[in-house]
Amino acid sequence: QVQLVESGGGLVQAGGSLRLSCAASGRTFYAMGWFRQAPGKEREFVASINYGGGNRYYADSVKERFIISRDNAKNTVYLQMNSLKPEDTAVYYCNRVAGATMKTAVFGYWGQGTQVTVSS
């Protein structure tokens, strides 16, 4: 199975930026997405991108602030997070996605995630 390794999280002040990376152990000829889980809450969809990069979807809460991209040669998906808010604090995960709006996680497993903490 493809292993997913997320990185790039950290502690940042509100209004700051972070860039997350999701490196896959093999080729990812499919749509990929980012999800996040805040303490005491369910995991939620954040953003997704198809293999060619021409279709992208975002949760309403991150539109205009986050940008998803990918480098297929490196088997890596990125999430550029700008204008961060305290409510963005969560552990961020990546996964293969499917569905008409590419919001459904496909793999029945998750990586270790990367912690993002935004201070006010």
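The legends below walk through several close-up views of a predicted model.

Before you start, note that residues are numbered from 1 along each chain as its sequence is written, and that side-chain values use heavy atoms, with hydrogens and water left out. Because the model is predicted, local features need pLDDT of at least 70 and side-chain atom pairs count only at pLDDT 80 or more, while totals for chains, interfaces and linings use all residues.

**View 1. The whole chain is built from strands, with zero helices.**
The protein chain has 11 strands, and its pattern along the sequence is β-β-β-β-β-β-β-β-β-β-β. Helices (H or I, at least four residues) and strands (E, at least two) are DSSP runs, numbered from the N terminus. The radius of gyration is 13 Å, close to the 14 Å that the globule rule gives for 120 residues, so the chain is as compact as a globular protein of that length. Here the radius is taken over C-alpha atoms, and the rule is 2.2 Å times the number of residues to the power 0.38. Along its principal axes, the C-alpha trace spans about 40 × 25 × 25 Å. Buried residues account for 48% of the 120 residues; buried means under 20% relative accessible area, exposed over 50%, and partly exposed in between (1.4 Å probe, protein chains only).

**View 2. One disulfide joins Cys-22 and Cys-94.**
A search of the whole structure finds one disulfide, a term used here for a pair of cysteine sulfur atoms within 2.5 Å. In this pair the sulfur atoms are 1.9 Å apart. The link connects distant parts of the chain: Cys-22 belongs to strand E3 and Cys-94 to strand E9, 72 residues apart. The angle about the S-S bond is 65°, and the link is right-handed. Are the two cysteines buried or exposed? Both Cys-22 and Cys-94 are buried.

**View 3. The largest nonpolar core has 35 residues.**
Which members touch the most others? They are Trp-34, Leu-79, Met-81 and Tyr-92. At least two core residues come from each of strands E3 (18–24), E4 (32–37), E5 (44–49), E7 (66–71), E8 (76–81), E9 and E11 (114–119). A nonpolar core is a set of buried Ala, Val, Leu, Ile, Met, Phe, Trp, Tyr and Cys residues joined through side-chain atoms within 4.5 Å. In soluble globular proteins, nonpolar side chains tend to be buried together. Leaving aside neighbours within four places in sequence, Tyr-92 is in contact (heavy atoms within 4.5 Å) with residues including Leu-20, Trp-34, Val-46, Leu-79, Met-81 and Val-116.

**View 4. Asn-95 is buried in strand E9 and makes polar contacts.**
Asn-95 lies in strand E9 (residues 90–98), and its relative accessible area is 0%, so it counts as buried. A polar atom of its side chain lies 3.0 Å from the backbone nitrogen of Phe-107, and the side chain also reaches the backbone oxygen of Tyr-109 at 3.2 Å. A polar contact is a pair of N or O atoms within 3.5 Å; within protein, one must be able to donate a hydrogen and the other to accept it, and residues adjacent in sequence count only if both atoms are side-chain atoms. Beyond neighbours within four places in sequence, the residues in contact with Asn-95 include Leu-4, Met-32, Phe-35 and Trp-110.

**View 5. Two glycines sit in the loop between strands E10 and E11.**
Gly-108 is exposed, with a relative accessible area of 81%. Its C-alpha atom is separated by 12 Å from that of Cys-94, 14 residues apart along the chain. Gly-113, by contrast, is buried, at 11%. The C-alpha atoms of Gly-113 and Ser-7 are separated by 7.3 Å, although these residues are 106 apart along the chain. Not counting residues up to four places away in sequence, Gly-113 touches Glu-6, Val-91, Tyr-92 and Tyr-93.

**View 6. Glu-64 and Ser-83 each have a positive phi.**
Most residues other than glycine have a negative phi. Glu-64, which is not a glycine, has a positive phi of about 75°. Glu-64 lies in the loop between strand E6 (56–58) and E7, and at 82% relative accessibility it counts as exposed. For Ser-83, phi is near 50°. Ser-83 is found in the loop between E8 and E9 and is partly exposed, with a relative accessible area of 40%.
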